Amino acid sequence: MSASLHLRPAGNHDLRGHHLPELRYPHNCVLVVAGIPGAGKTTLLRRLFVVTGQESTAARTSGRARVLDSAQARAWWRPYLNRLPYPWWRLLVHITHHLRLVIAIRTHSGPVAVHDCATRVWSRRLIVNAARRSGKQVHLLMLDVPPNIARAAQYARGRKVSAARFARHCRRWQHLREAALGGPNIVQRHITSTVLIDRATAQRLAAIHFEDAP
């Protein structure tokens, strides 16, 4: 792929091993940045949308996008619950994150970028259903990283999931990746596009651009 090109995803795109300068999406879509824990979803979101990672609510970018990461919900609850082991209140963080993303999808007139592993069917359905009710397309950007590299990244940041939970994410990701190669509707009905990238492609990705409203 030429470095001068950009891509407006529609259908399935396997771009692992390619140089991808820019992705362009519709003005009011939902972009789900997906991958197993440790794949680099948060890093990619922070770099491309210039958010600090210190937010405890949805980040507002210099453009019109809203960026939602489960780390924001965790930061919001931390002052109240940090004395307790995180596994005791992990479910509360996930509930808060998913409630926030549904509200953002339903109320924000511009694009919404969401951090989600996408390995849970119920979570994909929740996002798709909220988007459909709001007249938004759903696009899936899949960061495909080998489990050993993702696991090392978890250890490096000191936030690793249990071995059993990580193994479940990896098994589900394998099925999701194979489904994505067959087209977005095989992953989940009413998903407009799937873009599969590896870590090297993600590092070379210079921008994600949401087009202006007509």
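**Cysteines**

I began with Cys 29, which counts as buried because its relative accessibility is 0%; buried means under 20% relative accessible area with a 1.4 Å probe and protein chains only, exposed means over 50%, and partly exposed lies in between. I noted that the model is predicted, that local features need pLDDT of at least 70 and side-chain atom pairs pLDDT 80 or more, and that totals for chains, interfaces and linings use all residues. Residues are numbered from 1 along each chain as its sequence is written, and side-chain values use heavy atoms, without hydrogens and water.

I then looked for disulfides, taken as pairs of cysteine sulfur atoms within 2.5 Å, and the count came to 0. Cys 29 is in no disulfide, as its nearest cysteine sulfur, that of Cys 117, lies 20 Å away. Cys 117 is likewise in no disulfide; for this residue the nearest cysteine sulfur belongs to Cys 170, at 10.0 Å. I recorded Cys 117 as buried, with a relative accessible area of 11%.

**Helices α3 and α6**

I took helices as DSSP runs of H or I with at least four residues and strands as runs of E with at least two, numbered from the N terminus. The expected span of a helix is 1.5 Å times one less than its number of residues. For α3, with 22 residues, I found 30 Å between the end C-alpha atoms, which agrees with the 32 Å expected. Its buried residues include Trp 89, His 97, His 98 and Leu 101. Among the elements that cover the buried residues of α3 are β4 (30-34), β6 (66-68) and β7 (112-115), with contact meaning heavy atoms within 4.5 Å.

For α6, 20 residues reach 29 Å from first C-alpha to last, close to the expected 28 Å. I listed Cys 170 among the buried residues of α6, together with Arg 165, His 169 and Trp 173. Just after α6, Gly 183 takes a positive phi of about 125 degrees.

**Largest pocket**

I worked on a 1 Å grid over the protein atoms alone: a cavity is a set of points where a 1.4 Å probe fits but cannot get out, a pocket is an open set with protein on both sides within 12 Å along at least five of seven lines, and lining residues have an atom within 4 Å of a point. Grid points are joined across faces, edges and corners, and a volume is the space filled by probe spheres set on the points.

The largest pocket has a volume of about 760 Å³. Of its 36 lining residues, Ser 70, Arg 74, His 115, Arg 157 and Arg 159 are the closest to the centre. I found that α3 gives the most to this lining, with 7 residues. By class the lining holds 10 nonpolar, 13 polar and 13 charged residues; Ala, Val, Leu, Ile, Met, Phe, Trp, Tyr, Cys and Pro count as nonpolar, Asp, Glu, Lys and Arg as charged, and the others, Gly among them, as polar.

**Cavities**

I found 2 cavities of 30 Å³ or more. The largest cavity encloses about 70 Å³, and its lining includes Leu 45, Arg 46, Asp 69 and Gln 72. The elements giving two or more residues to that lining are α1 and α2.

The second largest cavity encloses about 60 Å³. Its lining has 7 nonpolar, no polar and 2 charged residues, and α4 supplies the largest share, 3 residues.
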